[in-house]
Structure formats: structure tokens, C-alpha cells
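Work through the exercises below with the coordinates open. Each task is followed by a solution in steps.

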Amino acid sequence: FRSDLREAREIFESIRPSLGQQAHFWLQYGSLELEGSGGNLDFARNYLLQAESLQPQDPFVQNALGHLFLRQAIAAASFTEAGEFRDRGEAILLRQMENSGYEDPYAVHIYGTQMLKWLKKWVPNKAERAKEMEGLIAIAKEGARIHPRHERLRALGRSLEHEYLSLAIRNSP
């Protein structure tokens with residue numbers, strides 16, 4: 001459904017009367033908007049906040065909210081707004097990692113990929129970006145250590161290290 005959100009939205013709306021009181025329904029509906037091509041972050045926020053109101057401590061809901069706030073940080077119109085959204089998303093995902101002892105590879109992956117995008121957009125100073133990336137690399141390495149067979153975490157670590165090293169090249173952005 002990621003490629004045809006219109007059809008997926010129709011399906012979700014058709015089952016909403018039956019499943020609208022279940023957090024997992026709202027989590028999936030919000031995740032569709034968050035991750036689908038052409039998704040609407042405002043819709044995602046509405047649906048994920050409904051999921052959170054039904055199951056506030058659910059780790060899947062918290063991961064999705066952290067992802068949402070980081071996506072909103074990347075899409076923000078100003079650095080101030082971007083920083084506020086980043087702080088919210090970062091706090092959620094770091095708490096998820098800490099609470100699970102890095103047992104949740106999704107929180108690590110979401111955090112690393114979205115923070116890299118945020119840094120590329122909002123932190124033009126290479127030295128500042130490099131310092132931030134050192135922390136991201138450490139988190140990705142810890143996640144990969146706990147989950148050595150998780151290919152997405154290994155790929156994330158490689159991507160972060162490549163980006164970090166590219167900052168040393170004179171003409172890199």
C-alpha cells in the first residue's frame with residue numbers, strides 16, 4: 001500500500017468503525033502516512049497520537065512517534081521549529097534504546113537514519129556535524145553489537161562512517 005495511499009486510506013476508513021478503539025489500528029494507519037510515498041505527516045501525527053492515547057507505553061507507538069517527530073524536524077520551515085521537533089523525537093528514541101538496553105533495533109535504525117538526514121539539512125558546519133555524527137556512529141555500533149545479524153543496522157553503521165569520513169574531504173558539503 002505504500003505506493004497507493006488512496007486505496008489504503010479507503011481500506012482503513014472502511015474498517016475504522018470496527019477497529020477505531022484499538023491502538024494497533026491507529027499505529028498502522030499512522031505508520032502508513034509516515035512511511036508511505038506521499039503520506040501526510042499531519043495525518044500521521046493525528047493517528048499516532050490516538051494510538052498513544054490508547055496505549056501510551058507501547059514501544060511500537062513510541063518508536064513511530066519518535067520517527068514522526070524526526071521527520072517533522074527534517075521537513076520544518078525554520079531551524080527553531082526543526083530543533084524543537086528533533087528534541088522531541090530524539091528524546092523518545094533515546095529513551096526507547098535506554099529502556100530496552102538496545103534490544104529494540106528499530107529505535108536505533110530510525111534514530112540513526114533520521115538524525116543523519118536532519119544533520120545534512122540543518123547543520124552546515126562540518127565540525128559540528130562531525131561531532132554529532134560521532135555520537136550517531138557510537139549508537140549504531142552498539143546496536144550492531146547487540147544485533148550482529150541485523151543487516152539494516154550494519155548498513156546504517158557503514159553509511160554513517162562513510163558520511164563522517166566524507167566530511168574530511170575538502171569540497172564535501
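The exercises treat helix spans, helix packing and a few single residues.

The model is predicted, so local features need pLDDT of at least 70 and side-chain atom pairs count only at pLDDT 80 or more, while totals for chains, interfaces and linings use all residues. Residues are numbered from 1 along each chain as its sequence is written, and side-chain values use heavy atoms, with hydrogens and water left out.

**Exercise 1. Helix 6**

Task: Compare the end-to-end distance of helix 6 with its expected span, then describe its burial and its start.

Solution:
- Helices are DSSP runs of H or I with at least four residues, numbered from the N terminus.
- The expected span is 1.5 Å times one less than the number of residues.
- Helix 6 covers residues 105-122, and its 18 residues should span 26 Å. The end C-alpha atoms lie 25 Å apart, in agreement with that value.
- Buried means under 20% relative accessible area, exposed over 50%, and partly exposed in between (1.4 Å probe, protein chains only). In helix 6, 13 of the 18 residues are buried, so the helix is mostly covered.
- At the start of helix 6, the backbone nitrogen of tyrosine 106 has a side-chain oxygen of aspartate 104 within 3.1 Å.

**Exercise 2. Helix 8**

Task: Check the length of helix 8 and find what covers its buried residues.

Solution:
- Helix 8 (residues 151-166) has 16 residues; the distance from first to last C-alpha is 22 Å, close to the expected 22 Å.
- Its buried residues are Leu153, Leu156, Gly157, Leu160, Glu163 and Ser166.
- Their cover includes helix 6 and helix 7 (126-146).

**Exercise 3. Two packings of helix 4**

Task: Classify how helix 4 packs with helix 3 and with helix 6.

Solution:
- Axes are lines fitted to C-alpha atoms, for helices over the stretch in contact, and angles run from 0 to 180 degrees between N-to-C directions.
- Angles under 35 degrees count as roughly parallel, over 145 as roughly antiparallel, 65 to 115 as roughly perpendicular and the rest as oblique.
- Helix 3 (residues 41-54) and helix 4 pack at about 155 degrees, with axes 10 Å apart. Helix 3 is therefore roughly antiparallel to helix 4.
- Contact means heavy atoms within 4.5 Å. Among the residues making this contact are Leu41, Arg45 and Leu48 of helix 3 and Leu65, Leu68 and Gln72 of helix 4.
- Helix 4 and helix 6 pack at about 10 degrees, with axes 9 Å apart, and are therefore roughly parallel to each other.
- Residues that meet there include His67, Leu70 and Ile74 in helix 4 and Tyr106, Ile110 and Trp118 in helix 6.

**Exercise 4. Single residues**

Task: State whether glutamine 72 is buried or exposed, and do likewise for glycine 20 and histidine 150.

Solution:
- Glutamine 72, in helix 4 (residues 59-75), has a relative accessible area of 8% and is therefore buried. Leaving out residues up to four places away in sequence, glutamine 72 touches Leu41, Arg45 and Phe85.
- Glycine 20 sits in the loop between helix 1 (5-19) and helix 2 (23-35). Its relative accessibility is 14%, so glycine 20 counts as buried. With the same residues left out, glycine 20 touches Phe25, Trp26 and Leu54.
- Histidine 150 lies in the loop between helix 7 and helix 8. A relative accessible area of 19% makes histidine 150 buried. Not counting residues up to four places away in sequence, histidine 150 touches Pro105 and Tyr106.

Methods:
Polar contact = N/O pair within 3.5 Å; in protein donor to acceptor, adjacent residues only side chain to side chain.
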